[in-house]
Amino acid sequence: MPSSLIIMLMYLFILFAMPVIVLLVVFATRAHNKRSFKKKFGCSPEYYKELKKLKELHECGILSAEEYEAKKKQILGL
């Protein structure tokens, strides 16, 4: 009888505790990655995505050099 209790407790742990642990690890990793990104590149990933789109628009000729620089300064807060 005690072995079936142990098995049942293991199943309960797998069903309920493991998903919570996995979620905590995932969120902690995401937060760490954002901090690492900001430390490495000097801006948040959102700014980086905006700047990347802006550069693509400039390279395609949609934005002039002046417009590109003005918008870049606005995004970076300069």
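Colleague: Hi! Before we look at any pairs, what counts as a salt bridge here?

Modeller: Hello! A salt bridge is a side-chain nitrogen of Lys or Arg within 4 Å of a carboxyl oxygen of Asp or Glu. Please keep in mind that this is a predicted model.

Colleague: Thanks. How many salt bridges does a search of the whole structure find?

Modeller: The search turns up 2 salt bridges. In one of them, the side chains of Lys-55 and Glu-59 meet at 3.6 Å, N to O.

Colleague: Where do Glu-59 and Lys-55 lie?

Modeller: Both sit in helix 2, which covers residues 45–59. They are 4 residues apart, about one turn of the helix.

Colleague: And is Glu-59 buried or exposed?

Modeller: Glu-59 is exposed, with a relative accessible area of 57%. Its partner Lys-55 is partly exposed, at 40%. The reason for the two labels is the cut-off: exposed means over 50%, so Glu-59 passes it at 57%, while Lys-55 at 40% falls in the range between buried and exposed.

Colleague: Good. Which side chains meet in the salt bridge at 3.7 Å?

Modeller: That one joins Lys-72 and Glu-69, again N to O. The two residues lie in helix 3 (residues 65–76), 3 residues apart, about one turn of the helix.

Colleague: How accessible is Lys-72?

Modeller: Lys-72 has 25% relative accessibility and counts as partly exposed. Glu-69 is partly exposed as well, with 34%.

Colleague: Why can such side chains pair at all?

Modeller: Side chains of opposite charge can pair when their charged atoms come close.

Colleague: How far apart are Lys-55 and Glu-69 in space?

Modeller: Their C-alpha atoms are 9.7 Å apart, with their positions 14 residues apart in sequence as the separation. Lys-55 belongs to helix 2, and Glu-69 to helix 3.

Colleague: Let me change topic. What is in the largest nonpolar core?

Modeller: It has 5 residues: Leu-51, Leu-54, Leu-63, Tyr-68 and Ile-75. Helix 2 and helix 3 each supply at least two residues of this core.

Colleague: Which residues is Leu-54 in contact with, leaving aside its neighbours within four places in sequence?

Modeller: Leu-54 touches Leu-63, Tyr-68 and Ile-75, and also Lys-71 and Lys-72. Leu-63, Tyr-68 and Ile-75 are core members too, and Lys-72 is the residue whose side chain meets Glu-69 in a salt bridge.

Colleague: What about Leu-76, where is its place?

Modeller: Leu-76 is in helix 3. With 37% relative accessibility, it counts as partly exposed. Leu-76 and Tyr-47 are 29 residues apart in sequence, and their C-alpha atoms are 7.5 Å apart in space.

Colleague: Now the surface. Which residues make the nonpolar patch of about 660 Å²?

Modeller: The patch is built from Ile-7, Tyr-11, Phe-13, Ile-14, Met-18, Ile-21 and Val-25. One of these, Ile-14, lies in helix 1, which runs over residues 2–41.

Colleague: Let's zoom out. How many helices and strands are there in the chain?

Modeller: The chain has 3 helices and 0 strands. Along the sequence the pattern reads α-α-α.

Colleague: And what share of the residues counts as buried?

Modeller: Of the 78 residues, 12% count as buried.

Colleague: Last one: how much area does the chain expose?

Modeller: It exposes about 6,800 Å², and carbon and sulfur atoms supply 69% of that.

Notes. Residues numbered from 1 in each chain as written. Predicted model: local features only at pLDDT ≥ 70, side-chain atom pairs only at ≥ 80, totals over all residues. Heavy atoms only, no water. Buried < 20%, exposed > 50% of the residue type's maximum accessible area, 1.4 Å probe, protein only. Patch = residues over 30% accessible without salt bridge, like charges linked within 9 Å, V, L, I, M, F, W, Y side chains within 5 Å. Areas by Shrake-Rupley, 256 points an atom, 1.4 Å probe, with all protein chains shown as cover. Core = buried A, V, L, I, M, F, W, Y, C linked by side-chain atoms within 4.5 Å. Contact = heavy atoms within 4.5 Å.
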